[in-house]
Amino acid sequence: MSNVQEMTKADTSVIRPNLLSVDDAKAMTLPRMTEIFTKHLNPGQLHFMKLLGFHKIKIERAEGMYYYDQNGRAILDFFGGFGSLAFGHNHPKIVEARKKFQDEKRQEIAIAFMSQYASALAHNLAACSPGDLDMVFLGSSGSEAMEAAIKVAERAAGPKKPKIVYAENSFHGKTKGVLSITDGSLYRGEFKLVDNTIRVPFGDINAVENAFKSDPEIGVIVLETIQGGGGIIQAPNEYWQKLRALCDQYGVLWVADEVQCGFGRSGKFYAFEHAGVVPDVTALAKSLGGGKAAVGAMIARRDVYMKAYGTPKTAMIHAMATFGGIGEACVTSIEAINILYDDNLIANSAATGAYLLSKLEELKAKHPAMIKDVRGKGLMVGLEFHDFSKTVPVVLRPVLAVLDDKLKGSLPGFIGSHLLRDHGVLVAFTEYNRNVVRLEPPLICEREHVDEFIKALDEVLSRGIVRIVKDFVKAQVK
């Protein structure tokens, strides 16, 4: 018997597993989703979803600023996938560009050849980037883009300057390399991380200068321009200007993490542009994929890139992975960048973001016992609530103060739960300061959407702390 006959015979004995179809997935019930999520995905995460009532919702479709659940209810999206939905859900031009790509059966994976789509996306990213940021690496996530950014900077800095400075409360990703500069014990777990890192307070230029002065082995500093997980924290323009000067003085390469705050979210293409300075390396992801594809990009100065990978011998040290520059993903990003400018969404982010901040300041004045701070830039906004003890009558504060740390995040959670259940509004939270509600609506957001959100938030806050807690407890026992 020939090998082909033996293989054919073997193939006929393969037993088809119990598979679900696409139609099965679409028709899946909430109980079945819960069963599979618990059995095969993340049972611990389901605990938090149940607390907030998210487990009761099945999203059937999404369009523009809204999700639509199993009952046809519209849910206003002020979460925005941590900044991944600049164009809202299923933007028609982006959907059309992807459909045309599919209909014409264009190539997806063309690793052996140059890709016209990867080339065009790299050109567009260089065109959007200030200064001499013009060398592009394409990947599939923010973590991958930041891994590429750290590696290119470390190689360019050279073996005599191997140390990397990062900031307190930073978040740069969960893959092993950038986890070493992600300042969160929850994510770090008990993983063995690299030890060539130095931590400084975010926004403290004196701490940076002291580190540079005291340790000549520092070659790279990595900072989010606006800290997302830290609670939407900014540094003044003067900080970034001084940082640029210090990096030049001490021969340190500055990597600006713009994965969340970039791509127009702050009211500029890059948030660092507000300070009129340019880093040596930066990274984008999130909305770069147009809400329909997983795309990340590292953009570096040409001289930095060439030091790292500029010869045939070194060119393949960090070349694109299998899905970096995949055809349809690149086409999605090309269309997204064009829409960003054609529809004036960067300017809209600045204007609508300013309006959102002004309306939140009004609510802060109306509800001072609950709202501690309002901050942000463009449509990247943080709404910080007081510790629980500060929201109750003065006589009760000493009793509750000892529980503040354990209760941190409870009030934002209660409010977020009520917004979703009673008003069909979705918000997000931050990793490190759990008292902060994170607002990152799509850049297509208009004043009417802000007004809808503000009206809902005002109604919830106007209930007062006692009723907010009671309503949350009642929802848990239903």
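This section describes the sheets, helix packing and pockets of a predicted model.

Strands of a sheet pair through backbone hydrogen bonds, either parallel or antiparallel. One open sheet in the model has seven strands. Their order is β4-β12-β11-β10-β7-β5-β6, and the pairing is mixed. The edge strands are β4 and β6 (197-200), each of which pairs on one side only. From one strand to the next, the twist averages 20 degrees. Within this sheet, β11 (residues 281-284) and β12 (residues 296-301) pair in the antiparallel sense. Four bridges link the two strands. Val 281 has Ala 300 of β12 as its bridge partner.

Helices pack on the seven-stranded sheet, among them α7 and α11. Helix α7 touches β4, β11 and β12. The direction of α7 makes about 135 degrees with that of β4. Helix α11 (residues 205-214) also packs on the sheet, and its contacts are with β5 (163-167), β6 and β7 (218-224). Between the directions of α11 and β7 the angle is about 160 degrees.

A second open sheet is built from four strands, in the order β13-β14-β17-β16. Here the pairing is antiparallel. Strands β13 (371-377) and β16 stand at the edges with a single partner strand each, so one side of each is left without a neighbour in the sheet. Strand β13 runs antiparallel to β14 (residues 380-385), and six bridges join the two. Gly 376 stands opposite Val 381 of β14. Helix α15 (residues 345-366) packs on this sheet. The strands touched by α15 are β13, β14 and β17 (436-439). The direction of α15 makes about 170 degrees with that of β13.

Strands β1 (residues 59-63) and β2 (residues 66-69) run antiparallel and are joined by four bridges. Ala 62 stands opposite Tyr 67 in β2. The two strands form a hairpin, with two residues between them. In the turn, Gly 64 has a positive phi of about 60 degrees.

Two packed helices are described by the angle between their axes and the distance between the axes. For α3 (residues 30-41) and α4, the axes come within 7 Å and cross at roughly 140 degrees. That angle makes α3 oblique to α4. On the α3 side, the contact is made by Thr 34, Phe 37, Thr 38 and Leu 41. Helix α4 contributes Pro 43, Gln 45, Leu 46 and Met 49. By class, the residues of this contact are five nonpolar and three polar, with no charged.

Helices α11 and α12 (residues 237-250) pack with their axes 10 Å apart, at an angle of about 5 degrees. Helix α11 is therefore roughly parallel to α12. From α11, the contact draws on Ile 205, Val 208, Glu 209, Phe 212 and Lys 213. Helix α12 supplies Tyr 239, Lys 242, Leu 243, Leu 246, Cys 247 and Tyr 250. Eight residues of the contact are nonpolar and three are charged, with no polar.

Rolling a probe the size of a water molecule over the atoms shows where empty space is left. The largest pocket holds about 2000 Å³ of space. It is lined by 50 residues, of which Gln 45, Phe 79, Phe 82, Tyr 187 and Phe 429 are the closest to its centre. The elements that give two or more residues to this lining are α4 (43-52), α5 (80-83), α8 (142-157), α10 (185-188), α18 (410-423) and β16 (428-429). Helix α4 gives the most, with six residues. Gln 45 thus belongs both to the lining of the largest pocket and to the contact of α3 with α4. The lining has 26 nonpolar, 16 polar and eight charged residues.

The second largest pocket holds about 660 Å³. Of its 25 lining residues, Phe 113, Ala 118, Ala 319, Met 320 and Gly 324 lie nearest its centre. Two or more lining residues come from each of α7 (116-128) and β4 (133-139). Strand β4 provides the largest share, four residues. By class, the lining has 18 nonpolar residues, six polar and one charged. Both α7 and β4 appear above: β4 is an edge strand of the seven-stranded sheet, and α7 touches β4.

Conventions: Residues numbered from 1 in each chain as written. Predicted model: local features only at pLDDT ≥ 70, side-chain atom pairs only at ≥ 80, totals over all residues. Heavy atoms only, no water. 1 Å grid on protein atoms, 1.4 Å probe; cavity = no way out; pocket = protein on both sides within 12 Å on 5 of 7 lines; lining within 4 Å. Points joined across faces, edges and corners; volume = space filled by probe spheres on them. Nonpolar A, V, L, I, M, F, W, Y, C, P; charged D, E, K, R; others polar. Pairing = 2+ DSSP bridges. Axes fitted to C-alpha atoms, helices over the stretch in contact; angles between N-to-C directions. Contact = heavy atoms within 4.5 Å. Parallel < 35°, antiparallel > 145°, perpendicular 65-115°, else oblique.
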